[in-house]
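Trainee: Hi, have you got a few minutes to go through a model with me? I'd like to start with the overall picture and then look at some details.

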Amino acid sequence: MVEVSSPGFGVPTSRGQPVRWLVLAVMFWLGLAQTLSWMTFSGNPDIFRSYYRVPKHSSEMIEDWLLNAGPITYLPMAPLVAALTTRIDRVWSTVLAGAALTAAGNIIRLLPCGMAMSEPTSITVLAVGQALNGFAGPMNAVTPPIIAAIWFPPGERTLATSIVFSIQAAGPALGFVL
């Protein structure tokens with residue numbers, strides 16, 4: 001249970017402040033960025049092979065592994081995130097760490113596109129980027145209800161939480177359209 005009354009960085013003095021919608025928008029975009037990152041490898045295998053210069057004979061196994069790297073790295077991070085978010089003064093640090101890991105993972109995944117790398121090196125770099133995105137997953141998935149409890153009055157918490165969670169569910173669908 002999060003201690004809502006404990007002092008800490010970013011805790012509003014009153015829960016009805018208009019800035020709460022900006023906070024919600026930031027959480028919305030963090031969730032969207034993290035979930036769209038998964039679409040890189042599953043939307044169209046031909047585009048994946050071409051973009052990352054992966055030979056056709058090895059692309060299916062590599063694509064499957066890259067899709068599963070995130071959930072594999074999600075699991076060991078979940079208990080740590082659960083422990084970190086029990087205190088309000090650690091919630092923003094957790095959100096920022098999730099944003100940084102998502103950004104770092106996406107930047108690292110760009111490296112094989114701009115640099116000449118061998119296939120094994122390219123795949124390793126992609127896997128590291130995907131793992132960083134996976135480490136960010138629990139940080140982006142656990143914090144929205146806590147942020148809602150901190151920033152929103154009781155009558156708006158369900159709406160705030162559902163807005164953020166809906167984009168995390170709709171992000172992959174949006175990725176297929178894009």
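Mentor: Sure, let's take the fold, then a helix, a cavity and a proline. Keep in mind that this is a predicted model.

Trainee: Okay, how many helices and strands does the protein have?

Mentor: There are 6 helices and 0 strands. Along the sequence, the pattern reads α-α-α-α-α-α.

Trainee: And what share of the residues is buried?

Mentor: Of the 178 residues in the protein, 42% are buried. The accessible surface is about 9,100 Å², and carbon and sulfur atoms account for 71% of that.

Trainee: What about contacts between residues at least 6 apart in sequence, how many of those join residues at least 24 apart?

Mentor: That would be 79% of them.

Trainee: Let's switch to helix 2. Which of its residues are buried?

Mentor: Helix 2 covers residues 45-52, and the buried ones are Phe-48, Arg-49 and Tyr-52.

Trainee: Why do those end up on the same side of helix 2?

Mentor: Because they span an arc of only 95 degrees around the axis, they sit on the same side of helix 2. As a rule, an α-helix has 3.6 residues a turn, so residues three or four places apart point the same way.

Trainee: Nice. Which residues are exposed on the other side?

Mentor: Ile-47 and Ser-50 are exposed there.

Trainee: What follows helix 2?

Mentor: Arg-53 does, and its phi is positive, near 55 degrees.

Trainee: New topic: how many cavities of 30 Å³ or more does the structure hold?

Mentor: Just 1 of that size. The largest cavity contains about 30 Å³ of space.

Trainee: Which helices each supply at least two residues of its lining?

Mentor: Helix 1 (20-36), helix 5 (119-151) and helix 6 (157-177) each do so. The lining residues of the largest cavity include Leu-24, Met-27, Ile-147, Phe-152 and Val-164.

Trainee: How does that lining divide into nonpolar, polar and charged residues?

Mentor: The lining of the largest cavity has 8 nonpolar residues, 1 polar and no charged. Thr-161 is also in the lining, along with Pro-144, Ala-148 and Ala-160.

Trainee: One last thing, I spotted Pro-120. Where does it lie?

Mentor: Pro-120 lies in helix 5.

Trainee: Is Pro-120 buried or exposed?

Mentor: Pro-120 is exposed, and its relative accessible area is 55%.

Trainee: And what separates the C-alpha atoms of Pro-120 and Val-54?

Mentor: Those two C-alpha atoms are separated by 9.4 Å, while Pro-120 and Val-54 are 66 residues apart along the chain.

Methods: Residues are numbered from 1 along each chain as its sequence is written. This is a predicted model: local features need pLDDT of at least 70, side-chain atom pairs count only at pLDDT 80 or more; totals for chains, interfaces and linings use all residues. Side-chain values use heavy atoms; hydrogens and water are left out. Buried means under 20% relative accessible area, exposed over 50%, partly exposed in between (1.4 Å probe, protein chains only). Helices (H or I, at least four residues) and strands (E, at least two) are DSSP runs, numbered from the N terminus. The arc is that of the directions from the helix axis to the C-beta atoms. On a 1 Å grid over the protein atoms alone, a cavity is a set of points where a 1.4 Å probe fits but cannot get out, and a pocket is an open set with protein on both sides within 12 Å along at least five of seven lines; lining residues have an atom within 4 Å of a point. Grid points are joined across faces, edges and corners, and a volume is the space filled by probe spheres set on the points. Ala, Val, Leu, Ile, Met, Phe, Trp, Tyr, Cys and Pro count as nonpolar, Asp, Glu, Lys and Arg as charged, and the others, Gly among them, as polar. Contact means heavy atoms within 4.5 Å. Accessible areas come from the Shrake-Rupley method with a 1.4 Å probe; for residues, only the protein chains shown count as cover.
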